[in-house]
Each structure stands twice: as structure tokens, then as C-alpha cells.
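These are my notebook entries on one chain. I set down what I looked up and what I found.

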Amino acid sequence: MKKFFISPVVAGLAISLSGCIDSSNDNKPQIRKAEKPKLSFTAQKYTRCGIKDYAGTTIIFHDKAGQEIATFKAHDSAQFTQEIPMGAQHVSIIGENAVFESEKIRGVITALDISRGAKLSNVMFYDLTESCECRDVTADFTPLNSTHSAFYILDAYLYPISNDHDDLKVCQNKRSAFYAIKLPGYDNVLAAVRDIPADKDELIFSGSDFSHEGVKLDVSALPLNSRYTVRGIGESDQVIYSQSSSVSAFERQAYTFPSITSENYITSFQSESAELGNLSFYTVSGGVSKIDDTGLVTSISIPEQPMDMLETVSNIFGRSTLEYDFSNVDSRLRLAHWRFEYQWIDSSVNRVDWEVQGSLKAEIPELSFGDFLTLPEDRQTQSVKVVISGHEGAPTGLTEYRATIKGNTDFVHSDKYHFVRVEATNSVTH
């Protein structure tokens with residue numbers, strides 16, 4: 001076999017001549033190094049005052065077997081971006097949750113199969129101990145009595161108000177007030193939305209404020225005896241109004257208000273309860289669809305609730321190594337999101353909420369969290385929840401799916417989104 005080499009003299013000559021070569025070579029295509037895969041996310045915390053960015057999480061990369069291989073800290077930022085270390089297959093993000101001041105809850109969010117890069121979504125922790133700065137504001141509708149002989153006043157959930165005043169609890173995340181009026185015997189509904197000034201404790205509504213005409217929805221295409229929720233989204237993703245009802249012979253009339261909202265969505269779902277051994281199950285399956293300005297509600301085909309999903313959840317209840325396969329449940333589903341709640345006593349941590357995001361078929365290894373967290377062998381599993389979901393028509397591969405949805409798997413802005421949620425609790429310990 002012949003071997004080829006370049007002598008140092010020839011190599012040096014080539015380098016010296018390179019400066020004399022015609023500049024047209026600069027136009028030749030440049031070969032770029034392939035970028036290393038990266039992990040990125042924005043950590044957030046749900047509070048009674050709304051959703052806020054959450055800084056200070058700890059990030060642990062695991063190998064295929066679940067062992068810790070690298071640890072990072074997002075010190076002063078909710079945003080985190082990092083090249084994925086060699087050999088890393090999974091990642092866990094650790095933060096703090098809180099319900100009571102006296103209870104220590106560690107939150108762990110694990111994403112499986114991130115070796116090819118991932119922009120994660122739903123990195124959400126919670127703190128229910130924070131108190132909000134709220135104030136009382138009164139909505140006054142008495143001027144309507146001089147312009148309307150008979151009418152119903154509806155609140156932001158489109159429920160009737162019993163008198164011509166309404167008391168609003170205005171907190172940091174509430175920026176506007178929505179009301180509607182309906183005349184007895186007519187389908188027409190007119191709505192008003194007003195910004196809430198920071199220096200006023202009263203809003204006076206007159207007939208001219210109600211200038212936004214409602215569009216009545218035809219929900220007959222939805223499955224009979226299913227429930228639905230209609231949401232109107234405004235600026236900064238604020239929910240302007242939300243109306244819930246059921247598809248039955250005695251359904252409430254549902255409306256959208258396109259001149260107020262930027263987008264309108266409807267969620268249709270069905271729920272069931274079941275018992276299996278010592279476990280109590282609650283299942284919900286549904287779909288989300290966007291509503292156009294004409295109020296057209298297309299048929300939403302709700303995924304079935306297969307019995308083998310309950311058996312899968314039952315089989316892994318309390319185990320450390322978890323295997324599951326939901327790939328045959330519904331062809332529109334793409335992602336599995338687990339939540340395990342463990343509890344024990346005589347420890348610096350009283351409870352662990354562990355979430356796992358992965359594909360529809362995977363094995364969750366027994367993960368090591370180094371010095372940040374140790375799960376006792378005698379831990380008690382309080383509950384297990386899994387949500388399998390997907391955007392219709394999206395790629396089936398986990399990496400490609402994450403890239404397509406760009407980290408957004410909530411259904412605030414989701415069209416043709418479907419889900420099945422199964423929650424199991426141990427009936428013996430409750």
C-alpha cells in the first residue's frame with residue numbers, strides 16, 4: 001500500500017504562495033465546523049401572582065445509565081444555554097417548590113434523550129407561599145339602568161352577576177376588566193373591556209362601553225357529553241375571558257369576541273375515574289383547536305383512554321427503573337411528560353416532585369443527583385401522573401419535535417393539539 005506525505009519544504013512553499021493567489025478564491029464556499037449540540041431553557045416559577053422567571057437552578061447531566069457526569073449552576077439568570085458534555089444522554093434541572101413555609105419540597109425536572117441538542121419547555125417550578133399585592137376595585141353598572149330596560153350582566157367567565165355592582169380583586173397579574181351584557185330573549189351579547197388604572201378603586205360602565213359584538217359558537221361538532229372551555233387571549237398572553245360548559249341538550253351558549261382578543265381557542269375533553277388494585281385513577285383526554293373570527297368550531301377528535309395506559313402507570317408505581325410504551329395510543333401524540341410525587345419524614349427534604357419529559361417509548365433510568373439530592377430507599381410514592389400530548393402533523397422524532405415547537409408545549413397557543421392525562425394516587429395512604 002502506498003503512503004503519501006507532504007514534506008515540510010513543500011508545505012512551507014504552499015503557505016508562502018497562498019498570499020499571492022487571486023482573491024477570487026475568497027468567494028469559494030467555506031467549510032464550517034458543525035456546531036456542537038446545545039441545551040437551552042428558561043426556568044419559570046408559578047406563583048399566586050402569576051408566572052415569573054426563576055434564577056438559580058442546578059443543572060445535572062447524566063450518562064445513559066443515569067450517572068452524574070457534569071453539573072452547572074444558573075446563578076443569576078432564568079435563561080440557561082450550555083454545550084452538551086461528551087457522553088451526556090439526559091439532563092435534570094433542580095429547583096425549589098413550596099406550598100407551606102414549613103415544608104421543604106425539592107423540584108426535579110428531567111429531560112430524556114438530549115444528546116443531539118434540545119430547547120426545553122415547561123421548566124416550571126412553583127411557590128404558593130408568596131402573597132400578592134391585591135386591592136379591591138368596584139365595577140359600577142348603574143348607568144345602564146337609564147339606557148337599558150332589562151339586561152343581564154356577565155362576568156369574565158360569562159356567568160350572570162346578581163346586581164349592578166361587582167367586586168374585583170385586582171392583583172399584579174390582572175390588568176383589565178371584562179364584562180358583557182345580554183338582553184333577555186336575544187342571542188346577541190355585547191362586551192366591554194377596560195384597563196384598570198392603578199390610582200382608581202372604581203370603574204363605571206355605561207352603555208357605550210359595550211361595543212364589542214360577541215360571536216355565538218356552534219359546538220354541535222364536539223363529542224356529546226364532553227366538556228369544553230373557550231378562552232380569549234389578549235396582549236402579553238393575558239386571558240381576557242374564559243367560559244366552560246358541557247355539550248348536552250341544556251348547554252350554555254358560548255361566545256367569542258374577536259374585536260377584543262387576538263386569538264381564541266377551544267379545549268374539548270372527557271374524563272373518567274377508575275380503580276385498579278390500591279390505586280385510584282383519574283383520566284382526561286382532549287384536544288385544543290383555534291377558533292376563527294366567524295366562530296366556526298371544527299370537530300375535535302378526542303384520543304381514546306386505553307386501559308393499558310392505566311396498567312402501565314400501575315406497574316411502575318413506586319419503582320426506581322421505569323419502562324413505558326405509549327407509541328400505539330394515538331398517531332397524533334408525540335411526547336410523554338411524567339410527574340412523580342415522593343414523600344418521607346426525618347429528612348432535610350420532606351418531598352420531591354420529579355417530572356420527566358421523554359418520547360412515547362422509553363426507559364427512565366435510576367438517576368444519580370450527586371450531593372444535591374438523595375432519594376431514600378423507604379420513600380413513599382404519593383402520586384404518579386403522566387400526560388402524553390402532541391401537535392398534529394409535527395415530526396415524530398423527539399429531537400425534531402422539540403425543535404419544531406421551539407420549546408412551547410403548553411396549549412395557550414396551540415392549534416390541533418391533543419392530549420391524554422392519567423393520574424394515579426395511592427388510595428391506601430389517602
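**Cysteines and overall make-up**

I looked up C49 first and found it buried, because its relative accessibility is 5%; buried means under 20% relative accessible area, exposed over 50% and partly exposed in between, with a 1.4 Å probe and protein chains only. I note that this is a predicted model, in which local features need pLDDT of at least 70 and side-chain atom pairs count only at pLDDT 80 or more, while totals for chains, interfaces and linings use all residues. Residues are numbered from 1 along each chain as its sequence is written, and side-chain values use heavy atoms, with hydrogens and water left out.

I then searched for disulfides, taken as pairs of cysteine sulfur atoms within 2.5 Å, and the structure holds two. C49 is joined to C132, with an S to S distance of 1.8 Å. The torsion about this S-S bond is about -120°, so the disulfide is left-handed. The pair links distant parts of the chain, 83 residues apart: C49 is in the loop between β2 (44-47) and β3 (50-53), and C132 is in the loop between β10 (124-127) and β11 (135-140). Helices (H or I, at least four residues) and strands (E, at least two) are DSSP runs, numbered from the N terminus. C132 is partly exposed, because its relative accessibility is 21%.

The other disulfide joins C134 to C171, at 1.9 Å from S to S. Its torsion is about 105°, so I entered this disulfide as right-handed. C134 lies in the loop between β10 and β11 and C171 in the loop between β14 (165-170) and β15 (176-182), so the pair ties together parts 37 residues apart in sequence. I recorded C134 as partly exposed at 37% and C171 as buried at 17%. Counting bonded cysteines along the chain, the pattern is 1-2, 3-4.

For the chain as a whole I counted three helices and 30 strands. Of its 430 residues, 45% are buried. Taking contact to mean heavy atoms within 4.5 Å, I found that residues 24 or more positions apart account for 68% of the contacts with a separation of 6 or more. The accessible surface comes to about 23200 Å², of which 49% belongs to carbon and sulfur atoms; the areas come from the Shrake-Rupley method with a 1.4 Å probe, and for residues only the protein chains shown count as cover.

**Aromatic rings**

How many aromatic pairs does a search of the whole structure find? I obtained 18. Rings of Phe, Tyr and Trp (its six-membered ring) pair if their centres lie within 6.5 Å; planes under 30 degrees apart count as stacked, over 60 as edge-to-face and the rest as tilted. W338 and F340 form a stacked pair, 5.6 Å centre to centre with 5° between the planes. W338 is buried at 0% relative accessibility, and F340 is buried at 1%. Both belong to one aromatic cluster, formed by Y324, F326, W338, F340, Y342 and W354.

I also looked for charges over rings, which requires NZ of Lys or CZ of Arg within 6 Å of the ring centre and within 35 degrees of the ring normal. K45 lies over the face of Y54, 3.9 Å from the ring centre. The charged end of R194 sits over the ring of F205, at 5.1 Å from its centre.

**Surroundings of T110**

T110 lies in strand β8 (residues 105-111) and is buried, at 0% relative accessibility. Its side chain makes polar contacts with the side chains of S92, at 2.7 Å, and of W354, at 2.9 Å. A polar contact is a pair of N or O atoms within 3.5 Å; within protein, one must be able to donate a hydrogen and the other to accept it, and residues adjacent in sequence count only if both atoms are side-chain atoms. Leaving aside neighbours within four places in sequence, T110 is in contact with V91, S92, W354, E355, V356, Q357 and L367.

**Backbone and loops**

Which residues other than glycine show a positive phi? I noted D113, at about 55°, and L158, near 60°. D113 lies in the loop between β8 and β9 (118-119) and is partly exposed at 27%. L158 is in the loop between β12 (152-154) and β13 (160-161) and is buried at 5%.

Last, I located G397 in the loop between β29 (380-391) and α3 (398-405). G397 is partly exposed, at 24% relative accessibility. Its C-alpha atom is separated by 7.9 Å from that of S359, 38 residues apart along the chain.
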